[in-house]
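Morning, everyone. Please have the sequence and the model open while I talk.

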Amino acid sequence: MKIKVVIPNSGMNRKTLTAREHMLSRAVSAQAELSVDCIPSGPASIESNTDEVMAGPLLIQAARQAEAEGYDAFVVYCFSDLAVPAIRENVSIPVVGPGEVALAAADMISNRFSVITTVEGNVSRTYRRLLQNPIAQRKMKSVRALNIPVADLREEPEATRTYLENVCRQCVEEDGADTVILGCLGLAQYGETVEQSCGAKVIDPAFCALAWAELAVRLDLRPSRRSVAPYGGTL
C-alpha cells in the first residue's frame, strides 16, 4: 500500500519532508509506504483564505499525479482540508482531510472540545469553516490561538510546547473542554506530552489522517460517483 501525503506549504527541503515521513510512519502499519512532499510553489503556509485558494490547484495536480503513479490514497496535510471536495472530483482513490477526520474522532470521544490554531488571525477563519460541520455546531466550545506562526512552530519546540500547554489549560479551565484538537498539522506530535499536563484528551489530526487513510484503502472506503461526480473539464 502506498499513501501520498502533500503539505500545502512551499519551500520545504527534503530533510524536513523525510523527517515527516518518519514521524507519521508511527500511525500506520509496516505494510503502508508513506511518501511526503510539499507543493512546488505558492504560499509558504496556510493562514488565510487567499492561501487556500492559491494552494488548491497545486493540490489537485499533485493528487492526479499520485493516482497516476499508483498511490492508493492521498492525504492533504492541513487541518483546513483545503480543496478536498475538488480533489475527490478528480481522482478515484481515497482523499483524506485531517480536519474532518479529527472532528469525527472528537464526536465519538468528547462531550465538549476546543480547537487550537496558530495565530489570532486564524481564529475567525477557523470558526467560520468548522461551524459548517454539525459536529462542531454541537460540541465545539472555543477556538484559541497560540500566536505562533505556522513557519515557527518547530523552530523552538520547547517554547511551542510551553505555549501549547498554557492554551490547553485555558481550554479546559475556562471553556470547559474535555478534549482539545490540534488545529494545525505543524503541531503534530506535540500532543503526547501536552495531554499529560492539561488534563484533557488531545486529538492529533496528523496521525488520525494517516491511520484513516490506511483503513480507507483496506476497506475501500471512498465515495461512489453517485455521491461525488467526476470533474468533466480540463485542467
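Where is Ala-83 found? Ala-83 sits in the loop between S3 and H3. One caution before I go on: this is a predicted model.

Let's stay in that loop. Phi of Ala-83 is near 65 degrees, which is a positive value in a residue other than glycine. Asp-81 also has a positive phi, near 55 degrees, and again the residue is not glycine. Asp-81 lies in the loop between strand S3 (73-76) and H3. Is Asp-81 buried or exposed? Asp-81 has a relative accessible area of 12%, so it counts as buried.

Asp-81 brings us to a pocket. Asp-81 is among the residues nearest the centre of the second largest pocket. The others nearest that centre are Ser-80, Glu-100, Arg-129 and Gln-132. In total, 15 residues line this pocket. Which elements give two or more residues to the lining? They are H3, H4 and H5. The space in this pocket is about 280 Å³. By class, its lining has 6 nonpolar, 4 polar and 5 charged residues.

Now take Glu-100, from that same list near the pocket centre. Its side chain meets that of Arg-88 in a salt bridge, 2.5 Å from N to O. Glu-100 is in helix H4 (residues 98-109), and Arg-88 is in helix H3 (residues 84-90). The two residues are 12 apart, and the pair links distant parts of the chain. Glu-100 has 33% relative accessibility, so it counts as partly exposed.

On to salt bridges in general. Side chains of opposite charge can pair when their charged atoms come close. How many salt bridges does a search of the whole structure find? The search finds 14.

Look at Glu-52 and Arg-125. They form a salt bridge, and their closest N and O atoms are 2.3 Å apart. What does this pair tie together? Glu-52 lies in helix H2 (residues 49-68) and Arg-125 in helix H5 (residues 121-130), so the bridge ties together parts that are 73 residues apart in sequence. Glu-52 and Arg-125 are both buried.

Compare that with a bridge inside one helix. Arg-161 and Glu-158 meet through their side chains, at 2.7 Å from N to O. Both residues lie in helix H7 (residues 157-175), and because they are 3 residues apart, about one helical turn separates them. Glu-158 is exposed, because its relative accessibility is 56%.

There is also a network. Which residues are linked in it? Lys-4, Arg-14, Glu-21 and Asp-37 are linked by salt bridges.

Next, rings. How many aromatic pairs does the structure hold? The count is 0. There is a charge over a ring, though. Lys-2 lies over the face of Tyr-71, at 4.4 Å from the ring centre.

Last, a few positions with distances, to help you get around the model.

Start with Thr-16. This residue is in helix H1 (residues 14-24). Thr-16 has a relative accessible area of 27%, so it is partly exposed. From Thr-16 to Val-53 is 37 residues in sequence and 24 Å in space, C-alpha to C-alpha.

Then Met-140, in strand S6. Met-140 counts as buried, because its relative accessibility is 11%. Its C-alpha is separated by 23 Å from that of Thr-162, which is 22 residues away along the chain.

Now Arg-154. You will find Arg-154 in the loop between strand S6 (140-145) and H7. With a relative accessible area of 29%, Arg-154 is partly exposed. The C-alpha atoms of Arg-154 and Glu-69 are separated by 31 Å, and the two residues are 85 apart along the chain.

Finally, Ala-206. Ala-206 lies in helix H9 (residues 205-219). Its relative accessible area is 0%, so Ala-206 is buried. How far is Ala-206 from Gly-183 in space, C-alpha to C-alpha? The distance is 9.9 Å, and 23 residues separate Ala-206 and Gly-183 in sequence.

To recap with two items to find on screen. One is the buried pair, Glu-52 and Arg-125. The other is Asp-81, among the residues nearest the centre of the second largest pocket. Thanks.

Key:
Residues numbered from 1 in each chain as written. Predicted model: local features only at pLDDT ≥ 70, side-chain atom pairs only at ≥ 80, totals over all residues. Heavy atoms only, no water. Salt bridge = Lys/Arg side-chain N within 4 Å of Asp/Glu carboxyl O. Helix = DSSP H or I, 4+ residues; strand = E, 2+ residues; numbered from the N terminus. Buried < 20%, exposed > 50% of the residue type's maximum accessible area, 1.4 Å probe, protein only. 1 Å grid on protein atoms, 1.4 Å probe; cavity = no way out; pocket = protein on both sides within 12 Å on 5 of 7 lines; lining within 4 Å. Points joined across faces, edges and corners; volume = space filled by probe spheres on them. Nonpolar A, V, L, I, M, F, W, Y, C, P; charged D, E, K, R; others polar. Phe/Tyr/Trp six-rings, centres within 6.5 Å; stacked < 30°, edge-to-face > 60°. Lys NZ or Arg CZ within 6 Å of the ring centre and 35° of its normal.
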